[in-house]
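Me: Please take a close look at one part of this structure, the place where the ligand is held. I would like one connected description of what surrounds the ligand there.

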Amino acid sequence: MKVSVQSPATIANLGCGFDCFGLALPVYNVITVEETILPGSGVEINVLGADADSLSENIPTSKNNIVFRAIELLYNYVGQAPSELKINIKTGIPIARGMGSSASVITGGLLAANELLGRPADQNVLLAIANEIEGHPDNITPAFVGGMTIACLEETGSVTYRKLPWPKEWKITVCNPDFELATDISRSVLPENVPMKDAVFNLRHASMFIQAVHTKDEELMKLAMADKLHQPYRMKLVPGLNNIMDELKHTDGALGCVLAGAGPSIAVVSNGKNTDEIKDIVHTCWDNINVNSKIHTYSIEEKGARIL
Ligand code: HSE
């Protein structure tokens, strides 16, 4: 028996919501998990798709693979150990670009394995296992449930989340530069402690962000996405980011420009009315410093990972 799951890309943080906010996009990986019949055939992991070559270099196809490690935790949860499994990861989400590729494959693998096992784990258990592998819940949660989410990681390891009613007209323009940035490197530049005033700044802005989304308040959103907890430290890892943010402050329709997750991609939230100009501005800023880019505008994906 085999099960395939389509699992979306995600953008975490959204500026002020570091390690907490995230949203899903209509770009997908497909993860297929098959219990092979031949005893002793072991675990086989294959990476397929457009980015397969670069992914194979980055994603181990041994038992260190994050999808396998998540599935193993699920099997352990039901008192079993996975022995004969074939895992195919068909990639549609660029890796190491801040689009939640790891969260997507972990989510897809867990949902597929849970189905194979007869659905022993509920969503809370799956979210907790996924988070144990991923480390923070902001990509995992929208990959599971879709939409825009606020996610809290409790000290027990459980994840509590709520979905926000993201305005349909608000679009996300995702700008991928032609270089990668691994999350662990992007986290390594963050300080252990931050000034109290910066923590308060983000608390205020994140609260305003939630209200802006609930009330579709474009003016409030324009101030709400600001961040002092992670982007200032990561700025040096993403050439051109500062300039692009400045340029977009004065662009009609742009509601905010942020680092997508841990970067290096940039996400621009807009009211959907001026996406071509937004795209041109980012292209030009990066062209000027010899960074090639691919830029696409998406509506939010309201559905999370689903069994095909
Ligand atoms: N919140 C995480 C970070 C997202 O910014 O490091 C990356 O997975």
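Reply: A good place to begin is R187, since a polar atom in the side chain of R187 lies 2.5 Å from an oxygen atom of the ligand. This is a predicted model, and the distances given here are computed from it.

Two other side chains can be described in a similar way. In D19, an N or O atom of the side chain is 2.5 Å from a nitrogen atom of the ligand. In N139, an N or O atom of the side chain is 3.0 Å from an oxygen atom of the ligand.

Next comes the cover. On its own, the ligand has 260 Å² of accessible area, and the protein covers 97% of that. The site itself is the largest pocket, and the ligand sits in it.

Now the shell as a whole. There are 13 residues around the ligand, and those that come nearest are N13, D19, D138, R187 and R234. By type, the shell divides into 5 charged, 5 polar and 3 nonpolar residues. Two elements give two or more residues each to this shell: helix 5 (137-145) and helix 6 (183-188). At the level of domains, at least three residues of the shell come from domain 1 (2-165 + 302-307), and at least three come from domain 2 (171-298).

One of the nearest residues, N13, deserves a second look for its backbone. N13 is placed in the loop between strand 1 (2-12) and strand 2 (21-35). Although N13 is not a glycine, its phi is positive, at about 75 degrees.

To sum up the site, the ligand sits in the largest pocket, with 97% of its accessible area covered by the protein, and with both domain 1 and domain 2 giving residues to the shell.

Note on methods: Residues are numbered from 1 along each chain as its sequence is written. This is a predicted model: local features need pLDDT of at least 70, side-chain atom pairs count only at pLDDT 80 or more; totals for chains, interfaces and linings use all residues. Side-chain values use heavy atoms; hydrogens and water are left out. A residue is near a molecule or strand if one of its heavy atoms lies within 4 Å of it. A polar contact is a pair of N or O atoms within 3.5 Å; within protein, one must be able to donate a hydrogen and the other to accept it, and residues adjacent in sequence count only if both atoms are side-chain atoms. Accessible areas come from the Shrake-Rupley method with a 1.4 Å probe; for residues, only the protein chains shown count as cover. On a 1 Å grid over the protein atoms alone, a cavity is a set of points where a 1.4 Å probe fits but cannot get out, and a pocket is an open set with protein on both sides within 12 Å along at least five of seven lines; lining residues have an atom within 4 Å of a point. A molecule sits in a cavity or pocket if more than half of its atoms lie within 2 Å of its grid points. Helices (H or I, at least four residues) and strands (E, at least two) are DSSP runs, numbered from the N terminus. Ala, Val, Leu, Ile, Met, Phe, Trp, Tyr, Cys and Pro count as nonpolar, Asp, Glu, Lys and Arg as charged, and the others, Gly among them, as polar. Domain bounds come from an automatic or database domain assignment.
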